[in-house]
Amino acid sequence: MQRDIFSEEHEIFRDQFRRFAEKEIVPRIEHWNAAGMSDRESWRRVGEAGFLGAHAPAEYGGAGGDFLYDAVIMEELAYLRAHPIMMYLHSDICMPYVTHYGSEEQKQRYLPRVISGEMVMGVAMTEPGTGSDLANVQTRARRDGDSWIVNGAKIFISNGQIGDLFVLVAKTDPNANPPHKGISLFLVESSFPGFVRGRKLDKLGLKGQDTSELAFEDCRLPADALLGKEGEGFKMLMEQLQQERLCIGVTAIQSCRRSLDDTIRYVKERRAFGQSIASFQNTQFKLVELATQVEIGQAFVDKLLAAHVRGDDVVTEVSMAKWWTTDLQKRLTSECLQLHGGYGFMTEYPISQDYAHAAVQTIYAGTNEIMKVIVAKRLGLA
Ligand SMILES: Cc1cc2nc3c(=O)[nH]c(=O)nc-3n(C[C@H](O)[C@H](O)[C@H](O)COP(=O)(O)OP(=O)(O)OC[C@H]3O[C@@H](n4cnc5c(N)ncnc54)[C@H](O)[C@@H]3O)c2cc1C
């Protein structure tokens with residue numbers, strides 16, 4: 001179905017990016033999956049080609065486009081299963097903290113380098129003892145003359161090994177009441193003394209995306225590493241979550257499309273009882289039901305993309321979309337795997353990777369249960 005949110009310019013950009021991705025990204029996916037992480041050279045290449053920060057301000061080297069250009073990149077990468085190079089994490093989740101809350105000096109220092117791919121970004125919120133309950137983070141930042149001293153541990157940090165610049169969530173006032181008012185954000189370079197990379201974690205899926213532990217051992221940050229105002233970290237995080245969750249909805253729908261397209265091709269080729277698997281009514285009904293739900297999900301996500309670009313507050317609807325699209329992805333990959341029979345369980349068949357990928361989509365960027373908690377509050381139920 002013709003989608004009406006993208007202009008001709010967006011579609012030209014899509015063609016350009018697709019050609020670039022097929023040449024520069026697809027041939028490296030297998031290697032990244034084996035290595036457990038992407039590589040620095042590739043980040044530089046995507047930066048040089050102008051695909052990082054497609055909607056970052058032009059005065060710092062960005063392309064100055066709207067968020068739909070980044071959505072195009074997300075869609076293409078999700079369809080290609082290019083999960084190891086999580087460009088949306090860098091460009092659409094991390095970079096906006098610098099563009100929205102950074103001082104002029106911070107913007108000048110970091111934006112040209114993150115847009116060029118010289119620096120890779122990550123965000124360090126989750127800790128071994130707390131994930132969903134973000135206000136309860138224990139990582140502590142205390143002022144020491146002209147510096148901040150940080151102590152604490154983070155876990156499950158995407159780009160933890162390859163990253164050079166992290167948005168760190170830390171407590172600056174452990175006695176604040178309510179506790180979220182004691183949270184501040186910092187821009188932490190991996191070269192700062194006391195910044196320690198821990199284990200690269202082995203995972204069920206997303207094999208080529210490095211997910212790591214980080215530790216801060218009397219990590220000394222300059223005073224101007226503080227992002228925005230002290231004590232306003234939680235507020236900034238909440239403001240940025242609309243875009244983060246929308247990114248997940250966008251990728252979920254495109255990942256569903258890829259699983260579905262591959263499964264339709266498979267069932268037409270595979271034969272049982274002298275006929276194609278596709279000819280069984282059960283196969284047809286299952287795939288029709290899933291394809292219908294993908295179109296419904298797409299229509300909702302497109303509506304939210306348009307609203308987000310307009311600047312509307314769609315936190316409620318984006319939270320709905322995050323849980324609904326990723327739940328769909330989980331159900332869809334499970335059904336598609338089933339239609340592959342035993343082959344679906346083999347790692348050489350990409351549907352098995354899709355199934356594992358779907359499992360994490362309902363967990364990160366706020367679990368699907370937390371999405372429902374948010375919507376329940378906004379509906380006045382809690
Ligand atoms: C591959 C991967 C990459 C990640 N990347 C990053 C990253 O880059 N940066 C980062 O900071 N974090 C990252 N995370 C962490 C992720 O955001 C957290 O795992 C997630 O927020 C859940 O936190 P938790 O794991 O501590 O689960 P918990 O908070 O312990 O939750 C456990 C279960 O309890 C449920 N639950 C919790 N509270 C409630 C409630 N109030 N009501 C109902 N149910 C509830 C949850 O929904 C979940 O099902 C990543 C995680 C993974 C797996």
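Three helices, α4 (67-79), α5 (87-101) and α10 (350-361), each put at least two residues into the lining of the largest cavity. Of the elements, α4 gives the most, with 3 residues. This is a predicted model, so keep in mind that side-chain atom pairs count only at pLDDT 80 or more.

**The cavities**

How many cavities of 30 Å³ or more turn up in a search of the whole structure? The search finds 2. The largest one holds about 110 Å³ of space. It is lined by 14 residues, and those closest to its centre are Ala-82, His-83, Met-86, Tyr-88 and Thr-251. Sorted by class, that lining comes out as 10 nonpolar and 4 polar residues, with no charged ones.

The second largest cavity holds about 40 Å³. Its lining is made up of Phe-51, Asp-70, Ile-73, Met-74, Leu-77, Met-87, Tyr-88, Ser-91 and Asp-92. Here α4 and α5 are the elements that supply two or more residues. The class split is 6 nonpolar, 1 polar and 2 charged. Tyr-88 is worth a look on screen: it is among the residues closest to the centre of the largest cavity, and it also lines the second largest one.

**The ligand site**

Now for the ligand. A shell of 19 residues surrounds it, and Thr-126, Ser-132, Phe-156, Thr-367 and Glu-369 are the closest. By class, the shell divides into 11 nonpolar, 7 polar and 1 charged.

Which protein atoms make polar contacts with the ligand? Three pairs are set out here.

| Residue | Protein atom | Ligand atom | Distance |
|---|---|---|---|
| Met-125 | backbone N or O | oxygen | 2.8 Å |
| Ser-158 | polar side-chain atom | nitrogen | 2.8 Å |
| Thr-367 | side-chain N or O | oxygen | 2.7 Å |

Taken alone, the ligand exposes 970 Å², and the protein buries 64% of that. The elements giving two or more residues to the shell are β1 (121-124), β3 (147-158) and α11 (368-378). Thr-367 shows up twice in this picture: it is one of the closest residues to the ligand, and its side chain has an N or O atom 2.7 Å from a ligand oxygen. With Met-125, on the other hand, the atom 2.8 Å from a ligand oxygen belongs to the backbone.

**Side by side**

To recap, the ligand shell includes 1 charged residue, the lining of the largest cavity has none, and the lining of the second largest cavity has 2.

Key. Residues numbered from 1 in each chain as written. Predicted model: local features only at pLDDT ≥ 70, side-chain atom pairs only at ≥ 80, totals over all residues. Heavy atoms only, no water. Near = heavy atom within 4 Å. Polar contact = N/O pair within 3.5 Å; in protein donor to acceptor, adjacent residues only side chain to side chain. Areas by Shrake-Rupley, 256 points an atom, 1.4 Å probe, with all protein chains shown as cover. Helix = DSSP H or I, 4+ residues; strand = E, 2+ residues; numbered from the N terminus. Nonpolar A, V, L, I, M, F, W, Y, C, P; charged D, E, K, R; others polar. 1 Å grid on protein atoms, 1.4 Å probe; cavity = no way out; pocket = protein on both sides within 12 Å on 5 of 7 lines; lining within 4 Å. Points joined across faces, edges and corners; volume = space filled by probe spheres on them.
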